[in-house]
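Subject: A structure for you to look at

Hi there,

Here is the structure I promised to pass on to you. Please open it and keep it beside you while you read the rest of this email.

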Amino acid sequence: MTSQTTRALAYFPSDGEIRLTDFPIQPLEADEILVRITRVAFTRRDRLLLENKSAIMPEGDNFIIPGHVAVGKVVEIGSMVKEFEPGDIVVPTIRRDCHRCIDARSDLCPHPDRYQDSGISGAHGFARDFMTVHGRYLIKIPPQLEDLALLLTHLSVAEKAHQEAIQIIKRYNFYCYHDSIDVVPSALITGMGSVGIMMTYLLSLYGYRITVFCRRESDDIRSKVLEPLDLEYINTSRIPMSRLEKAGYSFQQLFETTGDPEYMISVMPFMGPNAVMAIIGVPDHDSEEKIPEVDINRVFTRMVMGNQVIFGSIKAGRDAFELAVKDLTELSDLYGDSLVSLLTDTFPLAEYNRLLTLNTRDTIIPSLTLT
Ligand SMILES: [Zn+2]
């Protein structure tokens, strides 16, 4: 490495500008790794950051480098690094921890002022050619998964929520013999963002009877990605929720990924007895959508009478990333071509403006390539 700076995309909230800038490359410490970022995704979360004038900047800077979903290649390792070598394909994790959370579970850290989220809040993201990073923030990817590696972060969010749902369900060692013997667990996934889609693929791997509620037509680009899977796809813009409720739709596990509070509330009646619902989508704080009137009596009565649990789950810890590598390997063997089609639009970093002006309805996971 001769250059001491790297090209980086930067968002300046003071004037709302997004532009390329030169950014310093931190000198490599003995336990650090120099990574060349090869591709960075652009998600709904990134879009929200670039519209947020009160985003939290990394200490000492008046801008933030966006990009929290990326893949890269190890270029150089510090003298003490054992787990990585030059040429390894890696995915960086998002959270920069407080250094006091046990088992690297910084995704559970209760002190938001003590951790940062790369490319989201308080730490620079990955839309840059090079970065120096500690090995504990990198996940090694088998070379055959390189083309799908951008899906790993979304899949890890799905893994965490699914693992938690299973653990909550296991609090009862329960079975009712009035149920049919061959009952297959039922799951509802709402929303077809990248996490919703990866959630659907993940649950197909685990053999669930899957239903998707979505407000898109069944020939929409996103719903087409689900074609290889055995599931029921319901466009709730066409079929009112009240009709589905009357038809007896009811689920044991629900994964809400829309980030739309109105939608979250409208799916609550679909929780069956002993059901758990994971809320994964983060609402947009600036959204002007009105929260609907809710029959709160009915909601709480159902929760109590049905032993129901609703929980929030966001960004995965290292365990979930590692589980995602294992499951992505299997998904790649089964559905590699469909999964690749999730990565819809690719532009060189210098053409970031083309990415920013894409119509979000015509794209799933657009990305920037860096060379
Ligand atoms: Zn902590």
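Below is what was found, starting with the sheets and then moving to the helices and a few single residues.

One thing to keep in mind is that this is a predicted model.

**The six-stranded sheet**

Let's begin with an open sheet of 6 strands, whose order is S13-S12-S11-S14-S15-S16 and whose pairing is parallel. Which strands stand at the edges? They are S13 (231-235) and S16 (309-312); each has a single partner strand, so one side of each is left without a neighbour in the sheet. Direction ignored, neighbouring strands here are turned by 15° against each other on average.

To see one pairing in detail, look at S11 (residues 186-190) and S12 (residues 209-214), which run parallel and are joined by 5 bridges. You can find one of the partners by going to Ile-189, whose bridge partner in S12 is Val-212.

While you are in this sheet, visit Asn-274, which is placed in strand S15 (residues 271-279). Its phi is near 65°, a positive value in a residue other than glycine. Is Asn-274 buried or exposed? The answer falls between the two: Asn-274 has 16 C-beta neighbours inside 10 Å, so it counts as partly exposed. The reasoning is that 20 or more would make a residue buried, and 12 or fewer would make it exposed.

**The three-stranded sheet**

Another open sheet is formed by 3 strands in the order S6-S7-S8, and this time the pairing is mixed. S6 and S8 (122-123) stand at its edges with a single partner strand each, so each has one side without a neighbour in the sheet. S7 and S8 run parallel and are joined by 2 bridges. In that pair, Ser-118 has Ala-123 in S8 as its bridge partner.

The loop between S6 (95-96) and S7 (116-118) holds His-99. The phi of His-99 is near 70°, which is positive even though the residue is not glycine. With 9 other C-beta atoms within 10 Å, His-99 is exposed.

**Strand S4 and its partners**

Next, find strand S4 (residues 70-77), where Glu-76 is placed. How do the partners of S4 run? Strand S3 (residues 32-41) is antiparallel to S4, with 7 bridges joining the two, and Val-35 stands opposite Val-74 in S4. S4 also pairs in the antiparallel sense with strand S5 (residues 89-92), over 2 bridges. Here Gly-72 has Val-90 in S5 as its bridge partner.

As for Glu-76, it is partly exposed, with 15 other C-beta atoms within 10 Å. You could also try tracing from Glu-76 to Gln-163: the two are 87 residues apart in sequence and 35 Å apart in space, C-alpha to C-alpha.

**How the helices meet**

Two packed helices are described by the angle between their axes and the distance between the axes. Helix H2 (residues 152-169) and helix H3 (residues 194-205) pack at an angle of about 60°, and their axes are 8 Å apart. H2 and H3 are therefore oblique to each other, and their crossing is right-handed. On the H2 side, the residues that meet H3 are His-154, Leu-155, Val-157, Ala-158, Glu-159 and His-162, while H3 brings Ser-194, Val-195, Met-198, Met-199 and Leu-202. Sorted by class, this contact of H2 with H3 has 7 nonpolar, 3 polar and 1 charged residues.

H3 also meets helix H8 (residues 318-340): their axes come within 11 Å and cross at roughly 90°. That makes H3 roughly perpendicular to H8. In this contact, Tyr-201, Leu-202 and Leu-205 of H3 meet Asp-327, Glu-330, Leu-331 and Tyr-335 of H8. By class, the residues divide into 5 nonpolar, no polar and 2 charged. Leu-202 of H3 is worth clicking on, as it takes part in the contact with H2 and in the contact with H8.

**A helix in the open**

Last stop: helix H7 (residues 296-305). Why does H7 lie largely in the open? Of its 10 residues, the number buried is 0. Just after H7 you will come to Asn-307, which takes a positive phi of about 50°.

Enjoy exploring, and write back with any questions!

Best wishes

How values were computed. Residues are numbered from 1 along each chain as its sequence is written. This is a predicted model: local features need pLDDT of at least 70, side-chain atom pairs count only at pLDDT 80 or more; totals for chains, interfaces and linings use all residues. Helices (H or I, at least four residues) and strands (E, at least two) are DSSP runs, numbered from the N terminus. Axes are lines fitted to C-alpha atoms, for helices over the stretch in contact, and angles run from 0 to 180 degrees between N-to-C directions. Angles under 35 degrees count as roughly parallel, over 145 as roughly antiparallel, 65 to 115 as roughly perpendicular and the rest as oblique. A crossing is left-handed if the near helix is turned anticlockwise from the far one by less than a right angle, and right-handed if clockwise. Two residues are in contact if their C-beta atoms, placed from the backbone, lie within 7 Å. Ala, Val, Leu, Ile, Met, Phe, Trp, Tyr, Cys and Pro count as nonpolar, Asp, Glu, Lys and Arg as charged, and the others, Gly among them, as polar. Two strands pair if DSSP finds at least two bridges between them.
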